[in-house]
Amino acid sequence: MHAGVAEVRLNRPEKRNAVGREIIDGLLGALERIAADPAVRCVVLSGEGKAFCAGLDTGSFGDMLSGDLTADSAASAYAELDAAGANRVQRLGWGWQQLPVPVIAAVHGAAMGGGLNIALGADIRVVAPDAKLGFVEISYGLLPDMSATQSLRHILPLDRIKELVLTGRRFTGAEALAYGLATLLSETPRETALEMAATIAGRNPDAVRAAKRLLNAAPFNSTRDGLVAESDCSRTLMGTPNQLEAVMASLEGRDPKFVEPGL
């Protein structure tokens, strides 16, 4: 971690970071460590090598055909639900939404199937224009099951979601931006994401955490409840040490020196 920015990098480049046990265990472990570390102010999620994540390890398909992998044999993964109702595999995507700090996914190369599910869990997605994305699960008789159905409903119109999920067609990073699936394009997504993360990490960490919490809850609130929540968050921040430090640093033209989040 550097200056409050934690980097999480999928590190199985020889398999284009395909989702297997080591990726699952590594990401879940990273989520636990970040959630417990108040010094983390922003996260950048990226992939080593030529791809962000090519999707599920194709070895799993062989296990399905042989009968070694079935719904019954994978029952433990489905049974371990967290407080939000996410199973172990769904947490690979939804877990980033549950973190108190913002997460930026830097997507290059391929983000297919499970890889795209993971990227969708991030709060912001910086995508290479020539990246290849797709909900390819339907091609294998499946559907997106690593939380994408829940992430998508807050990002895209329902008809576009159905078109992408039901056809399984591939699309580029540039198309993802046009759809609203990518936040912005960059030829160097990891570098762009790190720059953005540094900016976010330089803001009042109490305000950043409160803003993510408030914005995540907004789609589920009535207008009245949302306005009340906004007012409550603002009132809670006002006059706190970090808020006053943000004001003083701005007036004095210097970098702020924040303490660990207290909200």
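Two strands are said to pair if DSSP finds at least two bridges between them. With that in mind, the reader can turn to this structure, which is a predicted model, and begin at one pair of residues: in strand β8, the bridge partner of Val126 is Leu184. Val126 belongs to β5, and β5 is joined to β8, residues 184-185, by 2 bridges, with the two strands running parallel.

From this pair the view can be widened to the sheet as a whole. Strands of a sheet pair through backbone hydrogen bonds, either parallel or antiparallel. Here 5 strands form an open sheet in the order β1-β2-β3-β5-β8, and the pairing is parallel. The edge strands of this sheet are β1 and β8, each of which pairs on one side only.

On its other side, β5 meets strand β3, residues 103-107, to which it is joined by 4 bridges in a parallel arrangement, and within this pairing Ile104 stands opposite Ile124 of β5. In a regular strand the side chains alternate between the two faces of the sheet. In β5, Ile124 and Val126 point one way while Arg125 and Val127 point the other way, and all of these residues are buried, a word that stands for under 20% relative accessible area.

At the β1 edge of the sheet, strand β1, residues 5-10, runs parallel to strand β2, residues 42-47, and 6 bridges join them. One example of their contact is Val8, whose bridge partner in β2 is Leu45. To get from β1 to β2 the chain passes through helix α1, residues 21-35, and this β-α-β crossover is right-handed.

The next feature to look for is an open space in the protein, the second largest pocket, which holds about 660 Å³. This pocket is lined by 26 residues, and those closest to its centre are Gln97, Asp123, Lys212, Leu215 and Asn216. Strand β5, already met in the sheet, returns here, since α4 (91-98), β5 (124-127) and α10 (205-217) each supply at least two residues of the lining. The largest share, 7 residues, comes from α10. Sorted by class, the lining has 14 nonpolar, 6 polar and 6 charged residues.

Further along the chain lies helix α11, which covers residues 223-237. These 15 residues reach 21 Å from the first C-alpha to the last, close to the 21 Å expected at 1.5 Å a residue. After α11 comes Gly239, whose phi is positive, near 85 degrees.

Conventions
Residues are numbered from 1 along each chain as its sequence is written. This is a predicted model: local features need pLDDT of at least 70, side-chain atom pairs count only at pLDDT 80 or more; totals for chains, interfaces and linings use all residues. Side-chain values use heavy atoms; hydrogens and water are left out. On a 1 Å grid over the protein atoms alone, a cavity is a set of points where a 1.4 Å probe fits but cannot get out, and a pocket is an open set with protein on both sides within 12 Å along at least five of seven lines; lining residues have an atom within 4 Å of a point. Grid points are joined across faces, edges and corners, and a volume is the space filled by probe spheres set on the points. Ala, Val, Leu, Ile, Met, Phe, Trp, Tyr, Cys and Pro count as nonpolar, Asp, Glu, Lys and Arg as charged, and the others, Gly among them, as polar. The expected span of a helix is 1.5 Å times one less than its number of residues. A crossover is right-handed if, with the strands pointing away from the viewer, the path from the first strand over the helix to the second runs clockwise. Buried means under 20% relative accessible area, exposed over 50%, partly exposed in between (1.4 Å probe, protein chains only).
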